[in-house]
Amino acid sequence: MLKLIVFDLDGTLCVNPDFYRSVYSRTLEQVVSQQRGDKGSAMLQYCRETYGGKGELALSALNIPFREWAKLLCNATLDIVKPRALLNEQLRCLAAIKVVYTGSPMNMAFGILQKLGFLPAKDFDLIIGWQEPEHFPLKWTCSSFVFQAIINKFSVDASEVLAVGDTWDTDLMPAQAIGIKTAMIGNGGGTPDMRYSSVELFLHSAMGICYV
């Protein structure tokens with residue numbers, strides 16, 4: 001019996017390429033340039049070209065604390081993020097514990113969820129995001145630790161949990177490693193248990209949930 005679902009945020013609940021280009025990419029370029037100049041910008045470009053667009057890996061390579069990027073992210077406008085009405089209805093019908101686990105700053109995660117039309121503290125049982133004094137987001141470690149902590153917190157078994165995300169290495173692989181079933185949103189790699197083109201389709205097809 002399914003008791004708990006762990007949702008990724010960026011690229012899963014919030015799918016908005018224009019937003020991520022105009023906010024995440026822009027602020028990442030800004031902080032790298034400010035902190036490390038041309039050398040930093042070259043490393044950022046290298047990481048994007050070598051690691052499938054993951055320019056954020058340049059922060060570790062350049063020894064730039066994530067909090068420097070987080071300051072810019074948390075001050076960025078979220079106006080480009082629009083409500084997802086069907087997703088709101090579906091998740092509110094979902095009879096399971098709902099957790100959001102993201103690498104984004106906690107304050108920004110709350111803001112994005114609100115822009116999507118959610119009441120974060122009411123619609124989700126737990127939201128996990130980057131917070132001080134973490135040097136980098138826990139999610140970037142690709143560790144099963146947080147998934148195990150979620151299981152322990154809510155006293156459920158791994159067989160009663162499902163992880164939903166768009167990135168194999170961070171969203172799904174660590175969960176699958178401890179026996180959690182996984183659902184890939186989009187065209188990511190890896191070996192998830194299920195694949196869907198959107199989280200709405202996942203909720204409709206796998207969970208049988210549509211409009212109320």
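**Exercise 1. Find what the buried side of H1 packs against, then list the residues involved.**

Start with the partners: the buried residues of H1 pack against H2, helix H3 (66-75), strand S2 (97-105) and helix H5 (106-115). Keep in mind that this is a predicted model.

Next, pick out the residues themselves. The buried ones in H1 are Phe 19, Tyr 20, Val 23, Tyr 24, Thr 27, Leu 28, Val 31, Val 32, Gly 40, Leu 44 and Cys 47.

**Exercise 2. Take Thr 27: is this residue buried or exposed, and what does Thr 27 touch?**

Step one is to place the residue: Thr 27 sits in helix H1.

Step two is the accessibility. Buried means under 20% relative accessible area. Thr 27 has 2%, so this residue counts as buried.

Step three is the contacts. Leaving out residues up to four places away in sequence, Thr 27 touches Trp 69, Leu 72 and Leu 73.

Finally, look at the spacing for one of these partners. Thr 27 and Trp 69 are 42 residues apart in sequence, yet their C-alpha atoms are 6.9 Å apart in space.

**Exercise 3. Work out how far apart the ends of H1 are, and where H1 bends.**

Begin with the expected span: H1 has 34 residues, and a straight helix at 1.5 Å a residue would reach 50 Å. Now check the model, where the end C-alpha atoms of H1 are only 20 Å apart.

Then look for a bend along the helix. There is one of about 135° at Arg 36.

To finish, step past the end of H1: the helix is followed by Gly 52, whose phi is positive, near 60°.

**Exercise 4. Locate Tyr 51 and say which surface patch Tyr 51 belongs to.**

First, the location: Tyr 51 is in the loop between helix H1 (17-50) and helix H2 (57-61).

Second, the accessibility: Tyr 51 is at 40% relative accessibility and therefore counts as partly exposed.

Third, the neighbours: Tyr 51 joins Tyr 46 and Leu 57 in a nonpolar patch on the surface, and together they have about 290 Å² of accessible area.

**Exercise 5. Place Ala 149 and give the C-alpha distance from Ala 149 to Gln 90.**

Ala 149 is in helix H7 (residues 145-154). With a relative accessible area of 34%, Ala 149 is partly exposed.

For the distance, go C-alpha to C-alpha: Ala 149 and Gln 90 are 26 Å apart in space and 59 residues apart in sequence.

Definitions and conventions
Residues are numbered from 1 along each chain as its sequence is written. This is a predicted model: local features need pLDDT of at least 70, side-chain atom pairs count only at pLDDT 80 or more; totals for chains, interfaces and linings use all residues. Side-chain values use heavy atoms; hydrogens and water are left out. Patches are made of residues with over 30% relative accessible area and no salt bridge: like charges are joined within 9 Å, nonpolar side chains (Val, Leu, Ile, Met, Phe, Trp, Tyr) within 5 Å. Accessible areas come from the Shrake-Rupley method with a 1.4 Å probe; for residues, only the protein chains shown count as cover. A salt bridge is a side-chain nitrogen of Lys or Arg within 4 Å of a carboxyl oxygen of Asp or Glu. Helices (H or I, at least four residues) and strands (E, at least two) are DSSP runs, numbered from the N terminus. Buried means under 20% relative accessible area, exposed over 50%, partly exposed in between (1.4 Å probe, protein chains only). The expected span of a helix is 1.5 Å times one less than its number of residues. The bend at a residue is the angle between axes fitted to the seven residues ending there and the seven starting there. Contact means heavy atoms within 4.5 Å.
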